[in-house]
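This report describes a single protein model together with its ligand. The sequence and the structure are shown first.

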Amino acid sequence: MAHFSIQWDKCRGTTCALCWTQAPQFFALAENGKATVHHQPHAADEAAVRAVAGQCPVGAIVEFDDAVTTTGQVGPADPPTTPPPE
Ligand code: SF4
């Protein structure tokens, strides 16, 4: 499942307002005047959120996969495999 986040250094906030206008069920205006993802989409709604992300004029809506750790670092999608010893 994907997770979405806003890069606040890029977001135009109230001068844009596209994401929370297009999809208020997922995006909202944060107290700092930028967008925030207040509800992560279920798998069935991910395509709709991606579509909104694709319309963001500055590419501030980013998507992570389940490999994201609590520290915000993105880990490998699958653990590296090593060939069996011969
Ligand atoms: S569409 Fe992009 S720039 Fe506009 S408010 Fe949302 S995150 Fe910010």
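The sections below treat the overall architecture, the ligand shell, strand β1, the nonpolar core and one loop residue.

## Overall architecture

The model is predicted. The protein contains four strands and two helices, and these elements follow the order β-α-β-β-α-β from the N terminus.

Of the 86 residues in the protein, 17% are buried. When contacts between residues at least 6 apart in sequence are considered, 56% of them join residues at least 24 apart.

## Ligand shell

The ligand is surrounded by 14 residues. Those that come nearest are Cys 11, Cys 16, Leu 18, Cys 19 and Cys 56. By class, the shell comprises twelve nonpolar residues, one polar residue and one charged residue.

## Strand β1 and its partner

Strand β1 spans residues 3–6. Its covered face presents Phe 4 and Ile 6, whereas His 3 and Ser 5 belong to the uncovered face. The strand runs antiparallel to β4 (residues 61–64), and four bridges join the two.

Within this pairing, Ile 6 stands opposite Ile 61 of β4. Leaving aside residues up to four places away in sequence, Ile 6 touches Cys 11, Lys 34, Ala 35, Thr 36, Val 37, Ala 60 and Ile 61. Its partner across the strands, Ile 61, is thus also among its contacts.

## Nonpolar core

The largest nonpolar core holds 15 residues. The members that touch the most other members are Ile 6, Cys 19, Phe 27, Ala 35 and Ile 61. Two or more residues of this core are supplied by each of β1, α1 (18–22), β3 (35–37) and α2 (46–55).

Cys 19 appears in two of these settings: it is one of the residues that come nearest the ligand, and it is one of the core members with the most contacts to other members. Ile 6 likewise links two descriptions, as it lies on the covered face of β1 and belongs to the core.

## Gly 13 in the β1–α1 loop

Gly 13 is located in the loop between β1 and α1. Is this residue buried, exposed or partly exposed? Gly 13 is partly exposed, because 15 other C-beta atoms lie within 10 Å, a count between the limit of 12 or fewer for exposed residues and that of 20 or more for buried ones.

Not counting residues up to four places away in sequence, Gly 13 touches Gly 33, Lys 34 and Ala 35. The C-alpha atom of Gly 13 is separated by 9.4 Å from that of Thr 36, which is 23 residues apart from it along the chain. Lys 34 and Ala 35 are also touched by Ile 6.

Technical notes
Residues are numbered from 1 along each chain as its sequence is written. This is a predicted model: local features need pLDDT of at least 70, side-chain atom pairs count only at pLDDT 80 or more; totals for chains, interfaces and linings use all residues. Two residues are in contact if their C-beta atoms, placed from the backbone, lie within 7 Å. A residue is near a molecule or strand if its C-beta atom, placed from the backbone, lies within 6 Å of it. Ala, Val, Leu, Ile, Met, Phe, Trp, Tyr, Cys and Pro count as nonpolar, Asp, Glu, Lys and Arg as charged, and the others, Gly among them, as polar. Two strands pair if DSSP finds at least two bridges between them. A nonpolar core is a set of buried Ala, Val, Leu, Ile, Met, Phe, Trp, Tyr and Cys residues joined through C-beta atoms within 7 Å.
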